[in-house]
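Good morning, and thank you for joining this session. I would ask you to look at the sequence and the structure together while I describe some selected regions.

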Amino acid sequence: MSEKQTIRLEAIDPIEIYGAANRNLEALCSYFPNLKVAARGDEIHLDGCPEDIESFKKKLTMLIERRKHKTVVTPYDVEDIFDGESSHDRYRLSGDAVIVHGNDGKPIKARNRTQEEMVKAYFENDLLFAVGPAGTGKTYIAIALAVRALKNREIKRIILTRPAVEAGERLGFLPGDLKDKLDPYLQPLYDALGDMIPAKRLQEFMAEGTIQIAPLAYMRGRTLDRACVILDEAQNTNLGQLKMFLTRMGCDAKFIVTGDASQIDLPNRKDSGLLKGIELTKNIKGIKTITFRNEDIVRHPLVAKIVKAFDSNIE
């Protein structure tokens with residue numbers, strides 16, 4: 001059953017709630033895909049099921065209340081309201097709490113115990129290794145944590161990097177300039193970000209350097225302050241490259257290293273520095289390693305069986 005209601009904003013300038021170009025209102029509406037919302041001046045017209053209308057009104061009231069205590073409210077405040085965060089738990093998450101909401105409003109949260117351990121370890125350490133088989137969500141959770149940190153103003157930028165190691169293909173035979181040749185290696189990172197940040201806003205972040213995606217070689221010589229930096233596919237780095245990456249860490253930075261030691265694409269598998277690096281740093285306070293196993297795979301159920309079958313064939 002559908003009904004219509006009108007909300008009138010009283011004693012407050014509508015733009016303070018709607019936001020510039022109605023961005024706050026659009027963010028709020030994104031959580032109610034089945035509710036028709038039309039804002040005209042100080043009136044908001046709602047058309048939908050009674051439950052959605054009541055929930056919308058409740059969240060709108062919370063946003064108005066938040067405005068009383070802030071100079072300006074933003075779409076990040078809208079997300080905070082739906083995440084159920086307060087000033088006391090803003091930088092912590094319980095095991096089943098939402099990390100961020102995807103572009104379709106779907107909550108992104110830990111899906112198993114090991115992912116929960118990863119989330120907890122992120123808040124308790126500045127450097128996190130997450131290792132294990134494909135499909136366990138290591139990189140996805142890492143990027144979700146980085147996006148959350150950016151939205152919460154905990155960091156100023158996100159930097160995602162991968163070693164550009166050939167996995168059967170040769171860069172020289174790929175078409176285009178260097179960026180075109182490298183983008184296929186970085187596409188999984190673009191895909192994850194695209195799930196969590198609207199396309200237009202993502203382009204803006206990348207244009208202004210707030211989000212950077214680059215091959216590992218581009219990290220040399222940099223000092224990365226107040227950033228969340230993620231090294232993906234770290235099994236394809238040698239020990240020297242891994243050391244170079246880890247020593248980029250600046251003040252107020254979070255580093256996450258993800259990899260799968262069973263999928264090394266280096267010509268000599270023994271050159272991989274991931275497990276060696278973990279062993280060398282295992283006793284350093286502030287560094288934590290989370291190990292994912294086949295039972296943590298969250299992709300299609302067949303993936304776990306495929307991984308197990310291939311692992312049994314490794315000599």
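Of the 315 residues of the protein, 47% count as buried. Please bear in mind that this is a predicted model. The chain forms 11 helices and 11 strands. Among contacts with a sequence separation of 6 or more, 70% join residues that are 24 or more positions apart.

Let me begin with a pair of helices. How do helix 5 and helix 6 meet? Helix 5 covers residues 113–124, and helix 6 covers residues 138–151. Their axes come within 11 Å of each other and cross at roughly 40°. An angle between 35 and 65 degrees falls outside the parallel and perpendicular ranges, and the two helices are therefore oblique to each other. The crossing of helix 5 with helix 6 is right-handed. On the side of helix 5, the contact is formed by Q115, M118, V119, Y122 and F123. Helix 6 contributes K138, I141, A142, L145, R148 and A149. By character, the residues of this contact comprise eight nonpolar, one polar and two charged. As a general point, an α-helix has 3.6 residues a turn, so residues three or four places apart point the same way.

I turn next to the loop that follows helix 5. N125 is located there, between helix 5 and strand 6, the latter being residues 127–131. Is N125 buried or exposed? Its relative accessible area is 12%, and because the cut-off for burial is 20%, N125 is classed as buried. A polar atom of the N125 side chain lies 3.0 Å from the backbone oxygen of A121. Setting aside neighbours within four places in sequence, N125 is in contact with K254, G286, I287 and K288.

Strand 6 also appears in the surroundings of helix 9, which spans residues 239–246. Which residues of helix 9 are buried? They are L242, M244, F245 and L246. The buried residues of helix 9 pack against strand 6, strand 7, strand 9, strand 10 and helix 10. In sequence, strand 7 is 157–162, strand 9 is 227–231, strand 10 is 254–259 and helix 10 is 274–281. At the start of helix 9, a side-chain oxygen of N238 comes within 3.0 Å of the backbone nitrogen of G240.

Two arginines deserve attention for their backbone geometry. In general, most residues other than glycine have a negative phi. R153, however, has a positive phi, near 65°. This residue sits in the loop between helix 6 and strand 7, and R153 is partly exposed, with a relative accessible area of 42%. R226 likewise has a positive phi, of about 40°, although it is not a glycine. The position of R226 is in the loop between strand 8, residues 211–215, and strand 9. R226 is partly exposed, at a relative accessible area of 29%.

Finally, I consider another arginine, R23. R23 lies in helix 2, residues 23–29, and is partly exposed, with a relative accessible area of 44%. Which residues does R23 touch, not counting those up to four places away in sequence? They are Y18, P75 and E204. As for P75, it is 52 residues from R23 along the chain, yet the C-alpha atoms of R23 and P75 are separated by 6.5 Å.

That concludes my presentation, and I thank you for your attention.

Conventions:
Residues are numbered from 1 along each chain as its sequence is written. This is a predicted model: local features need pLDDT of at least 70, side-chain atom pairs count only at pLDDT 80 or more; totals for chains, interfaces and linings use all residues. Side-chain values use heavy atoms; hydrogens and water are left out. Helices (H or I, at least four residues) and strands (E, at least two) are DSSP runs, numbered from the N terminus. Buried means under 20% relative accessible area, exposed over 50%, partly exposed in between (1.4 Å probe, protein chains only). A polar contact is a pair of N or O atoms within 3.5 Å; within protein, one must be able to donate a hydrogen and the other to accept it, and residues adjacent in sequence count only if both atoms are side-chain atoms. Contact means heavy atoms within 4.5 Å. Axes are lines fitted to C-alpha atoms, for helices over the stretch in contact, and angles run from 0 to 180 degrees between N-to-C directions. Angles under 35 degrees count as roughly parallel, over 145 as roughly antiparallel, 65 to 115 as roughly perpendicular and the rest as oblique. A crossing is left-handed if the near helix is turned anticlockwise from the far one by less than a right angle, and right-handed if clockwise. Ala, Val, Leu, Ile, Met, Phe, Trp, Tyr, Cys and Pro count as nonpolar, Asp, Glu, Lys and Arg as charged, and the others, Gly among them, as polar.
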